Amino acid sequence: MNKWYVSIGIVLIIGCVLSISMYLGPHQTEPATDNSEITTIPEDVLLEDREHQQAIEITKDDVHSGHLLLINQDYGLVPGNEAPDIIQLSKHPDFSNRFVLLDQATELSEHVAQQFSIMINAAAGEGISSFLISSGYRSAEKQNELFESLGPEQAMPGGHSEHNHGSAIDVGSSQGGIEHSPEGKWLREHAAQYGFILRYPKNKTHITGIQYEPWHFRYVGLPHSLIMSQKDFVLEEYLSYLKEQPFLSFKTDEETFHIYYYPVSENQTIYVGQDNTYTVSGNNTDGVIITEKVD
Ligand SMILES: [Zn+2]
């Protein structure tokens, strides 16, 4: 065959491949470190077929409750918006028989305790089992007492600690300091698979404003912890990212989630798929994040 025809043929083939991939790929895809994949959802896809969807009524109060709340120096927990399911751990041996409680009065959100218990059962399966809990939920009043006695270097004022919400746990190891213990190492590697994040990592103190705390784990839920882990985001960075990419799809081998961020200045209706389960969490600043599990 003439070289000229061969060249034209190659150009045509490359052109076809490019147009097919552009046709198939209106979503921006970025590679993930494991088999999961994060893509953006085009708005026309999101908005189509609303009559077959379920409506969620969102109010301004929703901005200030949920598992993705940003609680730090700048944003305090709105009084009354702590997790609604605070329990005393020692009264629930089904959760607490796998770890040592430094204080029998320690309280935590029941949902968070359940997820923590699932996580450390998995660790126990790998022979890592010397976990202890040194702190869980603290009331805003208790936080203020700590603030008064320890000072601003070591404690936040009432309402500005994640412990005031009930979804943060200070985890230790009975084998020694958590950072160099097998428990600490296991948590750093696996916590994201169970919805937890190391909230104040060493390399992000300039963003969190908090010193490195290898013991402080925060529950944010799946798949948020996985995305934060993949992208090496702390919560401040992740919530900013969701504002830039307000319609995301996150796909693992087993499940697909859609994550939507909506600014909320007034009551409004948001739609998700008819039979899909979903959660709503505020970001505590200006909007809500809807997490929809898609079949
Ligand atoms: Zn803590």
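D170 has a relative accessibility of 7%, so it counts as buried, the cut-off being under 20%. Keep in mind that this is a predicted model.

Now, what does D170 do in the structure in front of you? D170 is one of the protein donors of the zinc ion, through OD. The other donors are H163, through NE2, and H216, through ND1. These donors lie 2.0 to 2.1 Å from the zinc ion. Along the sequence, the donor residues follow the spacing H-x6-D-x45-H.

Is H163 buried or exposed? With a relative accessible area of 3%, H163 is buried.

Next, D103. This residue sits in the loop between β5, residues 100–101, and β6, residues 107–109. Its relative accessible area is 42%, so D103 is partly exposed: that label covers values between 20% and 50%. A polar atom of the D103 side chain lies 2.9 Å from the backbone nitrogen of A105. As for L89, it is 14 residues from D103 along the chain, and the two C-alpha atoms are 9.7 Å apart.

Last, the pockets. How much space lies in the largest pocket? About 500 Å³. It is lined by 22 residues, and the closest to its centre are Q154, A155, M156, I210 and E213. Which element gives the largest share of that lining? Helix α5, residues 140–150, does, with 3 residues. Sorted by class, the lining of the largest pocket has 8 nonpolar, 9 polar and 5 charged residues.

To go back to the start: D170 is buried, H163 is buried, and both are donors of the zinc ion. D103, in its loop, is partly exposed.

Technical notes
Residues are numbered from 1 along each chain as its sequence is written. This is a predicted model: local features need pLDDT of at least 70, side-chain atom pairs count only at pLDDT 80 or more; totals for chains, interfaces and linings use all residues. Side-chain values use heavy atoms; hydrogens and water are left out. Donors are N, O and S atoms within 2.8 Å of the metal (3.2 Å for Na, K and Ca); water is not among the atoms, so sites may look incomplete. Buried means under 20% relative accessible area, exposed over 50%, partly exposed in between (1.4 Å probe, protein chains only). Helices (H or I, at least four residues) and strands (E, at least two) are DSSP runs, numbered from the N terminus. A polar contact is a pair of N or O atoms within 3.5 Å; within protein, one must be able to donate a hydrogen and the other to accept it, and residues adjacent in sequence count only if both atoms are side-chain atoms. On a 1 Å grid over the protein atoms alone, a cavity is a set of points where a 1.4 Å probe fits but cannot get out, and a pocket is an open set with protein on both sides within 12 Å along at least five of seven lines; lining residues have an atom within 4 Å of a point. Grid points are joined across faces, edges and corners, and a volume is the space filled by probe spheres set on the points. Ala, Val, Leu, Ile, Met, Phe, Trp, Tyr, Cys and Pro count as nonpolar, Asp, Glu, Lys and Arg as charged, and the others, Gly among them, as polar.
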